[in-house]
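Colleague: Got a minute to walk me through this one? I'd like to start with the domains.

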Amino acid sequence: MKINRRSFLQMSALAGGGFALSLHCPRLAAAQAPTTPSDLTPQAFIHIASDGVVTIMARASESGQGMRNMLPMLIAEELDVEWKDVRVQQAELNEKVYGRQFSGGSANTPQGWEPMRRVGAAGRQMLITAAAQTWAVPEAECTTQPGRVIHAASGRSAGYGELAARAAALPAPALSSVKLKDPKDYRIIGHSQPGVDTHAIVTGKPLFGIDVELPGMLYASIEKAPVFAGKVKSANLEQIRKLPSVRHVLIIDGGITPAALTPWEPGMEPGIAIVADTWWQAQQARKQLKVDWDLGPAATQSTEGFTAKAVELLKAAPTSTVRKYGDVDAALKTSAKVVEATYQFPFIAHVTMEPQGATAHWKDGKLEMWSTSTLPADGVGLVAKTLGIQQSDISTHMVRSGGSFGRRLQNDYLAEAAWIAKRIDAPVKLLWSREDDIVHDAFRPGATVGMKGGLDAQGKITAWRHHFVTFGDGKQATSGGGMGQDSYPAGFPPAYALYTSMQPLMLRTGALRAPGDNAYCWVAQSFLDELAHAAGRDPLEIQLDLLSNKQMPWSSGDHDAVGDHEPTGPSVLIPDRFKGVLELVAEKSGWATRTKQPGRGMGIAAWFCHLGYFAEVADVSVDAQNKVTLHRVWAAGDVGSQIINPNAAESMGQGGIMEGMGHLAQEITLVSGKVQQSNFQNHPLMRMRQTPKIEVYWRKTDYSPTGLGEPTLPPILPAITNAIFAATGKRIRTLPLQRSGFSWA
Amino acid sequence: MSIQLKVNNVAASVDVSPETPLLWVLRDVLHLTGSKYSCGIGMCGACTVLIGGHAVRSCMTPVGSLGNQPITTIEGLSPDGLHPLQVAWEALDVPQCGYCQAGQIMSAAALLEHTPHPTDAEIDTAMSGNLCRCGTYTRIRQAIQQAAQTGAATPAK
């Protein structure tokens with residue numbers, strides 16, 4: 001990351017005595033800064049140079065969701081400047097100045113929409129005040145055009161650059177007091193703005209975590225046990241230390257004791273860190289390692305064992321009830337028809353294109369980090385704990401990453417880099433190999449789900465019972481493996497029960513894009529399709545009917561595997577919005593008049609998560625070898641009143657669908673605790689030749705805008721497997737596809 | 001031992017063992033970090049460079065095997081960042097995370113070098129060795145088509 005010093009001029013120099021400095025030294029800023037996010041100031045986010053160039057700070061980390069565009073666009077709109085005159089700069093980590101610096105849970109749109117616009121409007125108000133004072137005219141007579149304050153009565157105007165010094169000396173108005181634009185006047189919001197880093201990307205400029213270079217930097221690679229949390233008993237360390245270019249060989253004890261429930265952020269896994277002059281040399285030295293591992297209790301785990309235990313638990317009475325209303329067992333008994341099915345989905349890995357890694361430098365008792373974390377403040381907490389240092393002795397640069405998809409919400413790689421840095425006398429860049437990245441991922445946990453549904457003589461749904469067999473200590477599910485009380489279709493069937501049982505898991509799990517929902521949606525929407533066929537009803541029609549008969553109130557807020565980082569806003573399902581996207585996608589895809597022929601079929605599914613609604617229709621063909629081709633996808637989304645950056649939003653919608661296709665073919669399996677997958681040949685991603693035509697449509701509603709990194713993904717999985725059923729009559733209840741006899745063409 | 005390379009029309013002498021993959025020489029010795037590491041086994045294409053006009057996975061190419069063949073990386077694709085592919089990539093705002101895109105562009109450059117007006121099927125064949133985890137394939141395909149059109153309108157380079 002290169003920090004552009006030029007852009008911090010008058011405003012920053014005059015506001016609060018040293019704002020420019022604060023960007024390089026968060027500790028100093030922390031002492032001077034407001035203490036709560038509600039005290040966000042325009043000075044923190046907006047810097048206006050005397051030549052009128054406007055620099056806007058992007059507070060959230062960027063890993064491809066367009067946060068460096070979206071949040072600054074909100075500020076620029078209300079500040080009233082031309083987007084072409086804006087330079088976006090990544091903020092350093094300093095939550096006391098910037099508020100929450102978190103990219104996850106599709107939360108930046110709902111959490112940033114109002115405050116960021118108010119920050120921009122407050123900046124505009126300060127410029128107006130500065131102009132009014134300069135001209136000795138009433139503020140109310142002044143208006144703005146992009147980049148200028150105008151006093152029409154006297155014909156005077158001044159550029160923002162001319163006014164910046166005076167404006168910066170003014171007290172910032174209360175954010176709640178400023179007036180926001182009428183959306184019909186938007187010039188930036190709702191108009192596609194290309195990615196602020198796109199030029200750097202297409203010309204190969206250093207930009208990503210892996211590109212960070214510091215003078216005298218060394219490179220680190222870590223050999224870990226093939227089994228989670230296995231410890232080093234002994235190794236040929238002396239031999240490795242003598243290899244060319246190897247500078248340090250360090251044993252990481254780690255602090256993880258395998259237990260039935262692995263915490264969200266368990267810390268470093270044990271291993272042997274090799275630090276060398278280049279990363280390749282560190283890797284070569286790794287190959288010479290001979291390690292005797294104490295594999296520990298996790299070596300007893302296997303996918304086969306998990307499945308056997310899940311089947312056993314499914315037969316037994318559930319151990320806990322998440323949500324229950326009506327008498328589901330009685331309703332099933334009196335139903336005209338009962339449909340029963342068991343669904344199973346596997347563990348999968350994140351496989352970000354950029355493997356995990358970080359750069360750290362320990363010098364004079366202070367730690368400087370270059371972090372790709374999407375939850376960087378938690379990274380500071382973990383590092384401080386791991387190293388036994390004060391958080392105030394740590395500074396964090398937020399560097400663009402080559403994808404997160406939830407992986408970088410956890411900070412284990414950052415703790416490792418920092419731990420190594422503290423033990424050597426040079427800056428160090430840690431990089432995981434692809435194999436490290438897959439074997440030591442924070443996996444999306446698998447599950448086995450027993451489903452029972454009842455239909456009356458007219459084909460109406462009478463009861464819905466699911467028994468979700470997941471992993472955990474019996475009280476708490478593993479990260480990414482819990483189920484929420486209001487998970488769809490809770491509240492709609494007349495009798496409903498969601499039970500869970502758990503088995504222990506000694507493995508790191510985490511949040512994968514649309515955590516929880518990326519798999520439950522597949523189960524629920526597949527089973528709903530089963531009920532439709534059993535009832536002889538159209539899958540769209542039965543769902544619209546279900547949504548029209550809400551039986552019970554929501555019991556709590558939205559579930560979110562990221563726990564306390566829930567987005568704000570309307571967190572309960574609004575049936576009309578769910579129906580709205582279904583109706584829109586049906587119209588666009590020609591659902592009602594779809595042709596039915598052997599080997600070709602269309603499937604429909606919808607979901608609500610992370611405050612967004614998406615419905616998707618898939619058109620597939622299946623050949624004689626059960627090879628599946630996805631020809632076309634129609635997606636309809638409702639994320640509120642405003643699509644902030646339409647071109648990026650469409651791309652995000654298409655990307656979610658491509659990722660969902662990938663999930664259908666991926667699995668992580670364990671034998672004697674060892675992950676069997678290692679690279680893209682056995683944990684595949686979709687390729688260009690498999691890419692369908694994808695159309696994304698928006699249904700704009702009166703609700704406040706919400707995010708769409710996540711909600712685009714879940715419906716595509718059941719839309720595809722429902723389409724495979726329509727094409728072949730075969731119901732896919734076990735993922736990945738190949739475990740059900742299918743595969744991508 | 002010292003190995004002579006010609007990278008982006010600049011002669012370079014590197015002191016590495018000949019089996020070192022070109023990717024790590026580019027990144028950690030020559031500080032050309034545009035070419036990316038992702039799989040290390042030639043399965044994802046993030047490290048793609050041009051060697052003698054052909055798309056090559058630099059993570060699998062021993063630096064000692066290159067002889068005096070010219071190497072072009074994303075940094076040297078055009079002097080001004082205005083190769084038709086770069087222009088099209090920006091115009092369509094192809095990247096999401098962006099990590100794979102240098103490799104995508106280099107594979108596309110090799111395709112257009114030999115097939116100036118590719119069909120969608122030819123694009124799919126040429127580009128299916130390059131993975132994009134974000135799923136920007138639709139835009140990549142459009143950008144290649146757009147570059148093929150504008151490239152044709154531009155006099156030979």
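**Domains and a sheet**

Modeller: Sure, and keep in mind that this is a predicted model. The domain assignment splits chain B into domain 1 (2-76) and domain 2 (84-153).

Colleague: How far apart do the C-alpha centres of those two domains of chain B lie?

Modeller: They lie 21 Å apart. As for contacts, 14 residues of domain 1 of chain B meet 13 residues of domain 2 of chain B.

Colleague: Which element gives the most to the domain 1 side there?

Modeller: Strand 3 of chain B, with three residues. Strand 3 (48-51) and strand 4 (54-57) of chain B are the elements that give two or more. By residue type, that side of domain 1 of chain B has seven nonpolar, six polar and one charged.

Colleague: OK, and how is chain A divided?

Modeller: Into domain 1 (5-193), domain 2 (216-297 + 356-431) and domain 3 (303-349 + 443-744). Between domain 1 and domain 2 of chain A, the contact takes 16 residues from domain 1 and 19 residues from domain 2. The domain 1 side comprises five nonpolar, seven polar and four charged residues.

Colleague: Switching topic: what is the strand order in the open sheet of chain A?

Modeller: It's 1-2-3, three strands with mixed pairing. Strand 1 (46-48) and strand 3 (86-90) of chain A are the edges.

Colleague: Do tell, in which sense do strand 2 and strand 3 of chain A pair, parallel or antiparallel?

Modeller: Parallel, over five bridges, with strand 2 covering residues 54-58. Thr55(A) sits opposite Arg87(A) of strand 3. Helix 5 (residues 67-79) of chain A packs on the sheet and touches strand 1, strand 2 and strand 3 of chain A.

Technical notes
Residues are numbered from 1 along each chain as its sequence is written. Chains are lettered from A and ligands numbered from 1 in the order in which they are written. This is a predicted model: local features need pLDDT of at least 70, side-chain atom pairs count only at pLDDT 80 or more; totals for chains, interfaces and linings use all residues. Domain bounds come from an automatic or database domain assignment. Two residues are in contact if their C-beta atoms, placed from the backbone, lie within 7 Å. Ala, Val, Leu, Ile, Met, Phe, Trp, Tyr, Cys and Pro count as nonpolar, Asp, Glu, Lys and Arg as charged, and the others, Gly among them, as polar. Two strands pair if DSSP finds at least two bridges between them. Helices (H or I, at least four residues) and strands (E, at least two) are DSSP runs, numbered from the N terminus. Axes are lines fitted to C-alpha atoms, for helices over the stretch in contact, and angles run from 0 to 180 degrees between N-to-C directions.
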